[in-house]
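Trainee: Could you take me closely through one part of this model, the metal site, and then place that site within the rest of the chain?

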Amino acid sequence: MLFTFKYSMTIMKNILLILCFVSFNCFAQNITTKFEQSGGKESPSYFEIIDWWKKMDASSSYIKMIEMGPTDAGLPLHLVIVSNDKDFNFESLRKKNKRIILINNGIHPGEPDGIDASMLLARDIAINKIKLPGNIVLAIIPVYNIGGCLNRSANYRIDQNGPEEKGFRGNSQNLDLNRDFIKCDSKEARSFAEIFHLIDPDIFVDNHVSDGADYQHIVTLL
Ligand SMILES: [Zn+2]
């Protein structure tokens, strides 16, 4: 009798595990981005971006979003970690000899391609459409210039091929954050220094977009 009870409990546990896995995958599977929903014409607003990542964090055990330091906009920076090991501790990840890639998005929020591409990449990893190599961990800042992201207009960067509304280059103090890493006049730059030291990345990717300039190649690495 005891054996039967234990046995049925094991079966129950297994069924529950399978159900959890199936529902978890279905949930992540159903998550689309504003970029996809609008046929590539729109990029999400700041609050839509953070809500989306919160949903992603809740639906995938490979993804965790944490709050980091303050910004001039009065809102904290966020950091998203994508880890196959479900290990989100950078000290422990370095001990495991993982290669850590830090991706910064929206330092110029009118250049939102990295914001959208990071969402697509993390979602595709969560639903196993893309396999993140075992030795790689991604750390993503969803939006760095929050003040500029909140200041949106269809009339910014008019030579650029979309999206319909774009953020502004300057932050809440009208500082260009891409010129502030050393002088650190912004709270963003000071918070970034803390993030950079915490992560100690092997590779740092800072995503930008050209303002309608006639480049020969779609992607430029410099
Ligand atoms: Zn830029």
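Mentor: What follows begins at the metal site and then moves outward to the chain around it.

The model is a predicted one, and every value below should be read with that in mind. The zinc ion is coordinated by His-108 through ND1, by Glu-111 through two OE donors, and by His-208 through ND1, at 2.0 to 2.6 Å. The angles subtended by these four donor atoms run from 54 to 156°, and the arrangement is therefore irregular; a tetrahedral assignment would need all angles to lie between 85 and 135 degrees. Along the chain, the donors of the zinc ion follow the spacing H-x2-E-x96-H. His-108 belongs to the loop between strand E3 (99-104) and helix H5 (113-126), while His-208 sits in the segment after strand E5 (203-206), so the two histidines tie together parts that are 100 residues apart in sequence. As for accessibility, His-108 is buried, with a relative accessible area of 2%, whereas His-208, at 36%, counts as partly exposed.

From the loop that carries His-108, the chain leads into helix H5, and Asp-116 has its place in that helix. Asp-116 is buried yet takes part in no salt bridge, and the nearest side chain of opposite charge, that of Arg-152, is 8.2 Å away; a salt bridge would require the charged atoms to be within 4 Å. What Asp-116 does have is a polar contact of 3.0 Å between its side chain and that of Ser-43. Setting aside neighbours within four places in sequence, Asp-116 is in contact with Phe-35 and Pro-44 as well as with Ser-43.

Beyond helix H5, Gly-134 lies in the loop that leads to strand E4 (136-141), and with a relative accessible area of 48% this glycine is partly exposed. Its contacts, apart from residues within four places in sequence, are with Asn-84 and Lys-98. The C-alpha atoms of Gly-134 and Arg-99 are separated by 9.4 Å, although their positions lie 35 residues apart along the chain when counted as a separation in sequence.

The loop between helix H6 (146-150) and helix H7 (187-199) holds Ala-154, which at 44% relative accessibility counts as partly exposed. Ala-154 touches Glu-164, Glu-165 and Lys-166, not counting residues up to four places away in sequence, and its C-alpha is 8.8 Å from that of Gly-167, a residue 13 places along the sequence. Pro-163 is placed in the loop between H6 and H7 as well, and the peptide bond that joins Gly-162 to Pro-163 is cis, with omega near -5°.

Two backbone details deserve a careful look. Lys-86, in the loop between strand E2 (78-83) and helix H4 (90-95), has a phi near 60°, a positive value in a residue other than glycine, and it is partly exposed at 44%. Asp-200, in the loop between H7 and E5, likewise has a positive phi, of about 50°, although it is not a glycine; at 45% relative accessibility Asp-200 counts as partly exposed.

For the chain as a whole, the secondary structure comes to seven helices and five strands, arranged along the sequence in the pattern α-α-α-β-β-α-β-α-β-α-α-β. Of its 222 residues, 41% count as buried. Among contacts between residues at least 6 apart in sequence, 69% join residues at least 24 apart, and the histidine pair at the zinc ion, bringing together parts 100 residues apart in sequence, can be read alongside that figure.

Methods:
Residues numbered from 1 in each chain as written. Predicted model: local features only at pLDDT ≥ 70, side-chain atom pairs only at ≥ 80, totals over all residues. Heavy atoms only, no water. Donors = N, O, S within 2.8 Å, 3.2 Å for Na, K, Ca; no water. Tetrahedral: all angles 85-135°; square planar, octahedral: opposite > 155°, others 65-115°. Helix = DSSP H or I, 4+ residues; strand = E, 2+ residues; numbered from the N terminus. Buried < 20%, exposed > 50% of the residue type's maximum accessible area, 1.4 Å probe, protein only. Lys, Arg positive; Asp, Glu negative; His and termini not counted. Polar contact = N/O pair within 3.5 Å; in protein donor to acceptor, adjacent residues only side chain to side chain. Contact = heavy atoms within 4.5 Å.
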